[in-house]
Amino acid sequence: MADRQTCDLLLHADMVVTQDKERRILNSGSVAIEDGIVVSVGPSEKLEQAFAAREVVDLSGKLLMPGLVNAHCHAPMVLLRGIADDLPLMEWLEDNIWPVERQLTKDLIGLGARLACAEMLRAGVTAFLDGYIHEQVVGAAVDAAGMRAVLGEGFFGFPSPMFPSAQHCWDSIKRIDRQFAGNGRIRSAVTPHAAFTVPPKYLVKSYELAEGLDMPWQIHLAESPVETSVCLEKYGKRPVELLYSLDILSDRVTLHHCVDVNDEEIALLAEKNVKVVHNPASNLKLNSGMSPVQKMLDAGVVVGIGTDGAASNNQLNMFREMGLAALVGKVRSDDASAVNAQSVLDMATLNSARCLHWPELGSIAEGCPADMVALDLDSPNLQPLFNPVSQVVYASSGHEVSMTMVAGKVLYHEGAYRNFDVKALLQEVKQAQKWINAHR
Ligand SMILES: [Zn+2]
């Protein structure tokens with residue numbers, strides 16, 4: 001016993017869905033963690049003998065899996081949840097969302113970000129890629145919550161109440177990047193809003209900025225056929241074609257939506273190693289269309305999954321998003337075997353991690369950050385259990401999550417948050433709702 005290796009934490013679970021290279025699923029599996037990093041994953045019997053842990057967590061009756069990575073989010077928009085539903089994209093955005101958003105204060109955005117973190121931790125999300133304004137307060141909320149995020153301070157080509165010019169936003173990106181430079185859980189990305197709201201010269205300049213700062217570059221692209229016609233009218237090119245003509249399709253790029261992409265464009269995205277984020281709930285709700293996900297996967301495009309903002313979803317629930325991705329993928333391909341459960345779990349973990357340009361995330365494997373989630377297998381809807389991956393994708397609602405851990409710290413456990421006074425938070429949200437109602 002004397003030669004047992006010490007570690008901070010040893011978790012024992014009934015089942016571990018590792019999402020490692022071999023996609024191992026362990027019955028009676030354990031994970032050893034040191035300094036927030038997974039040092040070993042294997043059968044409980046073996047790890048019990050190999051490790052002397054300072055703390056042991058008993059996850060009997062639980063399925064342990066990697067934390068879900070939400071690859072497209074506008075976290076503070078949870079404050080606008082349900083404010084305008086049942087409208088097409090442009091009418092929803094221009095007549096209903098932007099007029100209120102324009103008036104949101106920094107404090108409200110911070111409050112929205114905190115609510116979003118609480119919602120995501122509750123449903124097993126450990127990291128997200130964001131896009132909004134005042135991202136320094138989103139970063140502060142993420143830091144306090146203990147989560148991970150890539151912050152995307154967003155900009156338009158035209159002056160906004162936030163930034164008189166795109167250059168102001170870019171200075172802000174640099175400031176935010178410096179502010180969180182020493183923080184291992186928070187990074188930044190350059191975030192133009194869309195090809196129809198940011199003119200080509202700013203797309204190019206912002207891409208150069210991303211190269212200079214060695215950051216990801218993310219944008220909403222090819223979200224709907226309507227966007228394609230606007231692009232064609234303005235620039236004589238379809239959205240993907242436009243980016244290609246500007247020489248900004250590369251592995252640094254993450255595109256959100258890609259609903260209206262043709263076969264030629266899909267081949268190009270694969271060739272250029274561009275990352276794509278699929279947002280099925282948002283696409284369905286705004287009637288933007290169904291993304292050709294199986295075609296993209298077949299072509300070798302890395303496709304992750306995101307919720308988009310809560311105004312167009314209206315949840316930040318990656319379990320629901322996984323289920324929808326699988327179902328919509330079948331209808332889109334007219335093939336019940338398309339976008340199968342394992343592909344979907346890969347998308348919401350490993351692929352989403354690559355969309356964040358954080359490829360170490362998304363699996364429970366040696367050397368990876370200890371970001372993981374436990375599902376309660378005693379939930380009636382998770383029994384009987386023939387196939388754990390099927391159960392995660394098709395049967396789980398997200399409310400089976402009993403524990404969420406980031407960097408080896410339990411942030412949520414059985415209704416209790418490590419870093420939130422959730423009652424006080426919800427009280428603040430109720431006050432905010434009154435303010436929003438008065439400013440619509
Ligand atoms: Zn979006």
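Q: Which residue takes a positive phi just after α4?
A: In this predicted model, Gly146 follows directly after helix α4 and has a positive phi of about 90 degrees. As background, most residues other than glycine have a negative phi, and most peptide bonds are trans.

Q: Is helix α4 mostly covered or mostly open, and how many of its residues are buried?
A: The helix spans residues 135-145 and is mostly covered, with 8 of its 11 residues buried. Among those buried residues are Val137, Val138, Gly139, Ala141 and Val142, and the buried residues of α4 pack against several elements, including α3 (106-122), β6 (125-130), α5 (166-179) and β15 (409-413).

Q: Which residues other than glycine have a positive phi?
A: Two cases can be set side by side. Ser28, found in strand β2, has a positive phi of about 50 degrees although it is not a glycine, and Ser28 counts as partly exposed because its relative accessibility is 44%. Val339 has a phi near 40 degrees and sits in the loop between α12 and α13 (341-355); at 0% relative accessibility, Val339 counts as buried.

Q: Where are the cis peptide bonds, and what is omega at each?
A: One cis bond runs from Asn313 to Asn314, with omega near 5 degrees, and Asn314 lies in the loop between β12 and α12. Another joins Gln383 and Pro384 with omega of about -10 degrees, where Pro384 belongs to the loop between β13 (372-376) and α14 (388-395).

Q: Which atoms coordinate the zinc ion, and is the site regular or irregular?
A: The general reference is that ideal angles at a metal are 109.5 degrees for four tetrahedral donors. Here the zinc ion is coordinated by NE2 of His72, His74 and His220 and by OD of Asp308, at 2.1 to 2.3 Å, and the angles among the 4 donor atoms run from 86 to 175 degrees, giving an irregular site. Along the sequence, the donor residues follow the spacing H-x1-H-x145-H-x87-D. His74 is in the loop between β5 (68-73) and α2 (89-101), whereas Asp308 is in the loop between β12 (302-305) and α12 (318-333), so this pair ties together parts that are 234 residues apart in sequence. Both His74 and Asp308 are buried.

Q: Why is Cys7 not in a bond with the closest cysteine sulfur?
A: The structure holds 0 disulfides. The closest cysteine sulfur to that of Cys7 is in Cys368, 16 Å away, which is too far for a bond. Cys355 is likewise in no disulfide, its nearest cysteine sulfur being that of Cys258 at 10 Å. Cys7 is buried at 0% relative accessibility, and Cys355 is buried with a relative accessible area of 0%.

Q: What is the area buried between domain 1 and domain 2?
A: The size of an interface is often given as the accessible area lost when the parts come together. The protein is divided into domain 1 (5-66 + 362-407) and domain 2 (68-355), with C-alpha centres 29 Å apart; the contact takes 26 residues from domain 1 and 27 residues from domain 2. The area buried between the two domains is about 2,000 Å², and carbon and sulfur atoms give 64% of that area. On the domain 1 side, Val393, Tyr394 and Val406 supply 26% of the area buried against domain 2, more than any other three residues.

Methods:
Residues are numbered from 1 along each chain as its sequence is written. This is a predicted model: local features need pLDDT of at least 70, side-chain atom pairs count only at pLDDT 80 or more; totals for chains, interfaces and linings use all residues. Side-chain values use heavy atoms; hydrogens and water are left out. Buried means under 20% relative accessible area, exposed over 50%, partly exposed in between (1.4 Å probe, protein chains only). Helices (H or I, at least four residues) and strands (E, at least two) are DSSP runs, numbered from the N terminus. Contact means heavy atoms within 4.5 Å. A disulfide is a pair of cysteine sulfur atoms within 2.5 Å. Donors are N, O and S atoms within 2.8 Å of the metal (3.2 Å for Na, K and Ca); water is not among the atoms, so sites may look incomplete. Four donors count as tetrahedral if all angles lie between 85 and 135 degrees; four count as square planar and six as octahedral if opposite donors are over 155 degrees apart and all others between 65 and 115; anything else is irregular. Domain bounds come from an automatic or database domain assignment. Buried area is the accessible area (1.4 Å probe) that two parts lose on being put together, summed over both.
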